[in-house]
Amino acid sequence: MSKLTTSQLLLLAKSSYLLLLAWVLLWHLWLSPPVDISLTMMLVFWVVPLLFPLKGILAGKPYTYAWSCFVLLLYVLHSTTLLVVSDTERWLAAVELVLVLSAFWFGLQYAKFRGKELGIGLKKLKDKTKD
């Protein structure tokens, strides 16, 4: 497998994130709208967290891609739970899981390699003890 460039990783990370956002909207507005909870509440709970890092995602900021993975963990939990407990929404959860894991993986890879290119990152513990 050939190594992806930073610009390719950015494109894949950004695309995955935006596709996840579109999928969540499509899922809750059209494919399986909520029955026992208000649509507004559902959208606030599932869409708003994805909007927090959106500005940095679109700008290609590596730090934003790194911390957005914490937000994505909510969607990993959601999709894996539904894969186990819901027969009717299992395929929706499977698509969400693929998208969220793609966004997670490509986002982390982009943050890692772009951070190296920019010379930013965390110092190793042994380097800190020398200071």
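Against which helices do the buried residues of α1 pack? In the predicted model considered here, the buried residues of α1 pack against α2, α3 (54-59), α4 and α5 (90-118). The buried residues in question are Thr6, Leu9, Leu10, Ala13, Ser16, Tyr17, Leu20, Leu21, Trp23, Val24, Trp27 and His28. Helix α1 itself covers residues 6-31, a run of 26 residues, and the distance from its first C-alpha to its last is 35 Å, which is close to the 38 Å expected at 1.5 Å a residue.

The wider setting of this helix is a protein chain whose secondary structure comes to 6 helices and 0 strands, the elements running α-α-α-α-α-α from the N terminus on. The C-alpha trace of the protein chain spans about 60 × 35 × 30 Å along its principal axes, and 39% of its 131 residues count as buried. When contacts in the protein chain between residues at least 6 apart in sequence are considered, 68% of them join residues at least 24 apart.

In the interior, the largest nonpolar core has 30 residues, and those with the most contacts inside it are Leu20, Val24, Leu50, Tyr65, Leu72, Tyr75 and Val100. The elements that contribute two or more residues to this core are α1, α2, α3, α4 and α5. In soluble globular proteins, nonpolar side chains tend to be buried together. For Tyr65, with neighbours within four places in sequence left aside, the contacts comprise Leu10, Ala13, Lys14, Gly56, Ile57, Gly60, Gly107, Tyr110 and Ala111; of these partners, Leu10 and Ala13 also appear among the buried residues of α1.

Turning to the surface, the protein chain exposes about 8500 Å², of which carbon and sulfur atoms supply 70%. A nonpolar patch is formed there by Val44, Val48, Leu51, Phe52, Tyr63, Trp67, Phe70 and Leu73, which together have about 860 Å² of accessible area. Two or more residues of the nonpolar patch are given by each of α2 (39-51) and α4 (62-85), and α4 gives the most, with 4 residues. One of the patch residues is Tyr63, which is found in helix α4 and has a relative accessible area of 65%; because this value lies over the 50% cut-off, Tyr63 counts as exposed. Helices α2 and α4 thus take part both in the nonpolar patch and in the largest nonpolar core.

How values were computed:
Residues numbered from 1 in each chain as written. Predicted model: local features only at pLDDT ≥ 70, side-chain atom pairs only at ≥ 80, totals over all residues. Heavy atoms only, no water. Patch = residues over 30% accessible without salt bridge, like charges linked within 9 Å, V, L, I, M, F, W, Y side chains within 5 Å. Areas by Shrake-Rupley, 256 points an atom, 1.4 Å probe, with all protein chains shown as cover. Salt bridge = Lys/Arg side-chain N within 4 Å of Asp/Glu carboxyl O. Buried < 20%, exposed > 50% of the residue type's maximum accessible area, 1.4 Å probe, protein only. Expected span 1.5 Å × (residues − 1). Contact = heavy atoms within 4.5 Å. Core = buried A, V, L, I, M, F, W, Y, C linked by side-chain atoms within 4.5 Å.
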